[in-house]
Amino acid sequence: MESPTARNRLDEEESPYLRQHADNPVNWQPWDERARMAAEARDDPIFLSVGYAACHWCHVMEEESFEDESVAETLNEHFVPIKVDREERPDLDRIYQTICQQVTGQGGWPLSVFLTPDGRPFYVGTYFPKQARRGQPGFAQLLEDVHEAWTDPGQREELEARADEWAAAVRGELDESPEPPDDAGEPATDRLETAAQTAVRGADREHGGWGRGPKFPHPGRLHLLMQAHDETGRDSFRDVAVEALDAMADGGMYDQLGGGFHRYATDREWTVPHFEKMLYDNAELPRAYLAAYQLTGTERYATVVRETLAFLQAELQHPEGGFYSTLDAQSEGEEGTFYVWQPGEIDEAVGDDLDAELFRERFGVTPAGNFEGGTTVLTLSRGIDELATAHDLTTEAVRERLERAREQVREAREGRERPARDEKILASWNGLAISALAEAAIVLDEEYADVAADALGFVREHHWDGDDLSRRYADGVVKIDGYLEDYAFLGRGALDLFQATGDVDHLAFALALARGIEERFWDADRETLYFTPAGGEELIARPQEVTDQSTPSSTGVAVDLLAQLDHFLPHDRFAAIAGATLETQRARVDANPLQHVSLALAADRYQRGDLELTLVADDPPAEWRETLRERYLPRRLVAWRPAEADRLADWLDQLELEDPPAIWADRGPRDGEPTVYACRSFTCSPPQGDLAAALDWAVAELDAGGGDAPF
């Protein structure tokens, strides 16, 4: 039988990223038992390369090294080369990214790791140029050096010892939980305020956001700051959030023509982005802008959400409703080509000279440009009022001309070669998108709920078999057991869609996924949630995911979901799991809340309690939706309940409940009319038909001491 390493086997995979490398002369293997057994049989180290389809430097390393015959010959002869799509296998990425960050102080993609045949890392880095430059070792020479060390008995012993040490370090970071804090009792009630103060101190008050470049969006920090402002009234919390939101929406990270956000900005001023577009950014950021719209009333934020969700539907949606993963940063072999402009291109695209001039001034298109080769990334460079004054026009006339020009430039862009699209569909990222669309249905337009329901229906049809959730769908093939983030993000999306629509089927699915979390990821002995399922593939560590990365912490989202769903069940197991996990992770969260924002927000909700809005109606009044649209209520839990007894019985049957849960029990309609109950911390408003009045009553009661903190 032919050895699996005798040829490149990536042509058997569905991942677009892996298929990109199927024609490399490197005999790439997928991460599977055959490849690892071949490494053991050959006693050769594994070279593990982790990346994703939209990764710019992954493409660069492929062109420089993996398409090079001499490099391929060395890899094939002395190593077992394995390619991993980090979006398909976040567990592997998390394990080896952790040691990369510990050893080098940084991480990223491509992630390049040399492993013993049993998976222990002994050399790690990210992008390596083919030849040494700027202090980086050359990849071709690095391969020779590693091979020489591996085949020399003395050096091999050192590598094995390092591999043991590094594997233990990974287990200590990811698998083991911190020692419980010495102090007993409840955690501090000012955690959110303390975290917000830290965020303010670290903020770039001149240009918005955090750091001096590259700058990342950090939607969790934005939610934290807005909630802390809502609780404390401190303007600095709101101001720092607004500065970041404005900087992102006005700069090059936001696609000023087509809507949607690029991955991050490469500079302090948010001008030049890294041009890939990820589904998760374009799900999480709209949620932050929706919250800011409710908090501030700034119409620009609602526009950003509408344009971003339109981008999702136009460019990342499968015909049957699910959402694809990414758009590449490159087209025509260069990063950003699809998105950048020169003045002459604007003039050619726009029919009217004044319209073209206004467009160039509005979006900063100049002969010098702000990007490579004298091209310009579009940014909001001049205000409407300023343009109106400069050109002796009304602001309405400027807006009309700009919109006309914008449409013409957008049409011209459609003639360009488009960036490639990674068309795998991930359960977790679709869950994030469903949450964003459900929130948009509450805040902006009910029609977004239909888009969310289509996406949820797609995932339920293709990823869910009634008991188990699979992570990935691509080309009709479903693969990979779901991770904690798949269950948690999708469960939150289903619950959010129930809150937007009152469709009990979505609540039932959220409960099914929560039971999956309990069964697969909860470790009662260690009192924490793991990222990988019990009984899954044995790796050098079983990771937990407690920090927020590009996506929220799956542990934080799972804890929040379980705590909310506990209201709908006769037992308290979900709340117990949430509380125990928070206690286990408390030391980490209190030590660095900004790295653990999702857990910090979940802890705050758990401690203070949900604002339970039991809305009893078969035909809800329009005024209720208007109130929900206008009010910023970050810890609300909308618990729709049918008014008719027969319908309630049907709901209970669908949820497999014998009796109404506490959030519905004894909260029926009064005098046959739609009825509201606003409750928190065992304090409820009198039943009434006016949602706004019920909320006002609840706020007054809490301010008067009826609760432990304002919501």
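1. Let's start with strand 21, residues 675-680, in this predicted model. The strand is mostly covered, with 6 of its 6 residues buried. Thr 675, Tyr 677 and Cys 679 point one way, while Val 676, Ala 678 and Arg 680 point the other way. Arg 680 is worth a look on your screen, as that residue is buried too.

2. Now for the partners of this strand. Strand 19 (residues 611-616) pairs with strand 21 in the antiparallel sense, over 5 bridges. To find the place in the viewer, look for Val 616, which stands opposite Thr 675.

3. Strand 22, residues 683-684, also runs antiparallel to strand 21, and 2 bridges join them. Here Cys 679 of strand 21 stands opposite Cys 684 of strand 22. The hairpin made by these two strands has 2 residues between them, and Ser 681 takes a positive phi near 55°.

4. Turning to the interior, the largest nonpolar core holds 182 residues. Those touching the most other members are Phe 139, Tyr 289, Leu 507, Leu 565, Leu 613 and Trp 664. Helix 17 (residues 427-443) gives this core its largest share, 11 residues.

5. Which residues is Leu 507 in contact with, leaving aside its neighbours within four places in sequence? They are Leu 495, Phe 498, Leu 565, Phe 568, Leu 655 and Trp 664. Two of these names, Leu 565 and Trp 664, may be familiar from the list of residues that touch the most other core members.

6. One last stop: another core, of 25 residues, lies apart from the largest one. Among its members are Trp 31, Cys 100, Val 124 and Leu 539.

Notes: Residues numbered from 1 in each chain as written. Predicted model: local features only at pLDDT ≥ 70, side-chain atom pairs only at ≥ 80, totals over all residues. Heavy atoms only, no water. Buried < 20%, exposed > 50% of the residue type's maximum accessible area, 1.4 Å probe, protein only. Helix = DSSP H or I, 4+ residues; strand = E, 2+ residues; numbered from the N terminus. Pairing = 2+ DSSP bridges. Core = buried A, V, L, I, M, F, W, Y, C linked by side-chain atoms within 4.5 Å. Contact = heavy atoms within 4.5 Å.
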